[in-house]
Amino acid sequence: MYKVTAINDGVATVIHHPKVNSIKLPTGSIAKEINLIDSFNFQIYPSNPGYGKIRPFKTLINVLNLKTGRYDFEGRVLQPNEEMEDSGVVNAAFTCEGELGYLHDSQQKHREYRGSPTTFLQEILNYHNSQVEDYKHFRLGQVTVTDPNDYVYYYTSAEQSTFDTIKDKLLDRLGGELQIRKADGIRYLDYMVRIGELKKNTPIRLSKNLKSITKQVDLTSIITRLTVLGARIESEDDTATDASEARITIESVNNGLPYLDGYALIDEYDIKGGSVTFDDVTDPNILKSKGQEYLESQKTFLAQYTLNAVDLSLINKAIDSFEVGNSHPVYNPIMNINEDLRIIGKSIDINGPEGNDLTIGDKFKQLHQIQADNAKAARNIAQIQSQVGAQSQRIGTLSAEVKAVNESVVQINQAIIDNDLPGMNQAIVNLNEAIYDLNSAIEGIPLYGDATPNTSGLMPATDKAKLDLISAKQLIDLDLIKTTLEELQKKLQLISVVNPVDLNQMNERITALEGGTTNGNT
């Protein structure tokens, strides 16, 4: 699924490939988020051909998605770490940053600028390019963000990097989103009002591809008892300052009380005081009306979702993969979610790409919506518990069979080294049984079963089965098993011992696993 390449001075070394078992990274994760620099963290063992060749800031790292033909990460190595595990295995770990980080390698200069946002971005990119190596250059791409007057007045500082200048002068003031785009070998920096597509056709649905979801509601700024203040009251004391001047209140039109209570909010969250000021309001009745409107708006809160979704495009069951910036319809009846939500962050495990951790952007929720969501969730949670238990048991069984296969291979290799004939025979029997059990476990998953969403809220059996096969094949070193059996065959022939099991039959079972089939199922 993913091919990882390290590049030093134009020389490329493949350090991870899904089809070459001897070239694997034990861990590797990509993190992407809107207006942040992409990151890639990975570990590498001494047996890897790239071990010892990775240098901070000099080594470039590319992560190619072999399914889509696109690079999901391009950047450079930042920080190395080396560790020894409890088992004695030594590995190195590296943190990498995406190409947007190149904008930290240049400083802007102190100057005055007047003009459009587009021209401003062009000028600071030109100055960046004049300071850095060619491979760090950016060309101005599409710009759709504008100022109301298409005119900005800025001072840039030599104390800020190019990236910090863009963030301070453009992103924080005018909004918008950055995007790196490649065309004809040229790296473009787009500055867009919104990146991604407004609505993709592939839904994220509990009964199809949604594995888990967490919702966070921001209640930190809520006010349930609101003190309303208007314009300043001019003091007769000529020495009085603005800070000491009183303001118009609503006491005269609100039964002597300077505050308004949101009774529904207090019932839900107790009393939490706060104030709001309307500097231009001098009439207490108008002031009270504005205060009431403001208090009503407190019924709106921010809700953010973090979810783990299965990327069904891997098995050609979905049109779209999940990309940062895109919006997808999200359905989860358990939590009463049925709306279009936008992906603002994404985490990818290169060894388990079938599952993506997605961060969904802020959405406004009314108080009554939150209450309804909670009530409906409580009614539906019990409905899914038994099905989740059954699914967990199946995953546990599959993992146990995979572990048994790998342990049997280790036993055989040790017996060959020790010339332990009895141990060798027993290890062969164990491996044969383990492979048979693994085939049986996978055959127990109905690949031609029900392909429709079920009422329990789990994905269709056919889709889950294919993803289980992907996971199983990632956990077993099939090439190592084949090599071990070849060495075993030679060893047994040399010592003229009859095979305790049919090794050819065992090879056929391994080939079936390698092709993602068991007894003809696909």
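The dialogue below reads selected features of this predicted model.

Student: What should I know about the numbering and the model before I begin?

Tutor: Residues are numbered from 1 along each chain as its sequence is written, and side-chain values use heavy atoms, with hydrogens and water left out. This is a predicted model, in which local features need pLDDT of at least 70 and side-chain atom pairs count only at pLDDT 80 or more, while totals for chains, interfaces and linings use all residues.

Student: How many bridges pair strand 1 with strand 2, and in which sense?

Tutor: Strands of a sheet pair through backbone hydrogen bonds, either parallel or antiparallel. Strands (E, at least two residues) and helices (H or I, at least four residues) are DSSP runs numbered from the N terminus, and two strands pair if DSSP finds at least two bridges between them. Here strand 1 (residues 2-8) and strand 2 (residues 11-16) pair in the antiparallel sense over five bridges, with N8 standing opposite V11 of strand 2. The two strands form a hairpin with two residues between them, and D9 in the turn has a positive phi of about 50°.

Student: What is the order of the strands in the open sheet that contains strand 12, and which are its edge strands?

Tutor: This open sheet of three strands has the order 9-12-11, with mixed pairing. Its edge strands are strand 9 (139-143) and strand 11 (177-183), each of which pairs on one side only. On average, neighbouring strands of this sheet are turned by 30° against each other, direction ignored; axes are lines fitted to C-alpha atoms, for helices over the stretch in contact, and angles run from 0 to 180 degrees between N-to-C directions. Strand 11 and strand 12 (residues 186-192) pair in the antiparallel sense over seven bridges, and A183 has I186 of strand 12 as its bridge partner.

Student: Which helices pack on this sheet, and which strands do they touch?

Tutor: For contact, we ask for heavy atoms within 4.5 Å. Helix 1 (residues 117-129) packs on the sheet and touches strand 9 and strand 12, its direction making about 160° with that of strand 9. Helix 2 (residues 162-174) also packs on the sheet, touching strand 11 and strand 12, and its direction makes about 40° with that of strand 12.

Student: What is the order of the open sheet that contains strand 15, and which helix lies across its strands?

Tutor: That open sheet of three strands has the order 16-15-17, again with mixed pairing, and its edge strands, strand 16 (259-261) and strand 17 (273-277), each pair on one side only. Strand 15 (residues 225-229) and strand 16 pair in the antiparallel sense over three bridges, and the bridge partner of R225 in strand 16 is D261. Helix 4 (residues 284-297) lies across strand 15, strand 16 and strand 17, running at about 145° to strand 15.

Student: How many salt bridges does the structure hold?

Tutor: A salt bridge is a side-chain nitrogen of Lys or Arg within 4 Å of a carboxyl oxygen of Asp or Glu, and the structure holds 21 of them. One of these joins E323 and R70, whose closest N and O atoms are 3.0 Å apart. E323 lies in the loop between strand 18 (300-310) and strand 19 (327-332) and R70 in strand 6 (residues 70-84), so the pair ties together parts that are 253 residues apart in sequence.

Student: Are E323 and R70 buried, partly exposed or exposed, and what about the salt bridge partners R187 and E99?

Tutor: Buried means under 20% relative accessible area, exposed means over 50%, and partly exposed lies in between (1.4 Å probe, protein chains only). E323 is partly exposed at 23%, and R70 counts as partly exposed at 42%. R187 and E99 form a salt bridge with the closest N and O atoms 3.1 Å apart; R187 is buried at 11%, and E99 counts as buried at 10%. R187 belongs to strand 12 and E99 to the loop between strand 7 (90-98) and strand 8 (111-115), so this pair ties together parts that are 88 residues apart in sequence.

Student: How far apart are N and O in the salt bridge of D168 and K169, and which residues are joined into one network?

Tutor: The side chains of D168 and K169 meet at 2.8 Å, N to O; D168 is partly exposed at 22%, whereas K169 counts as buried at 6%. Salt bridges that share partners join R76, E97, D105, E133 and K136 into one network.
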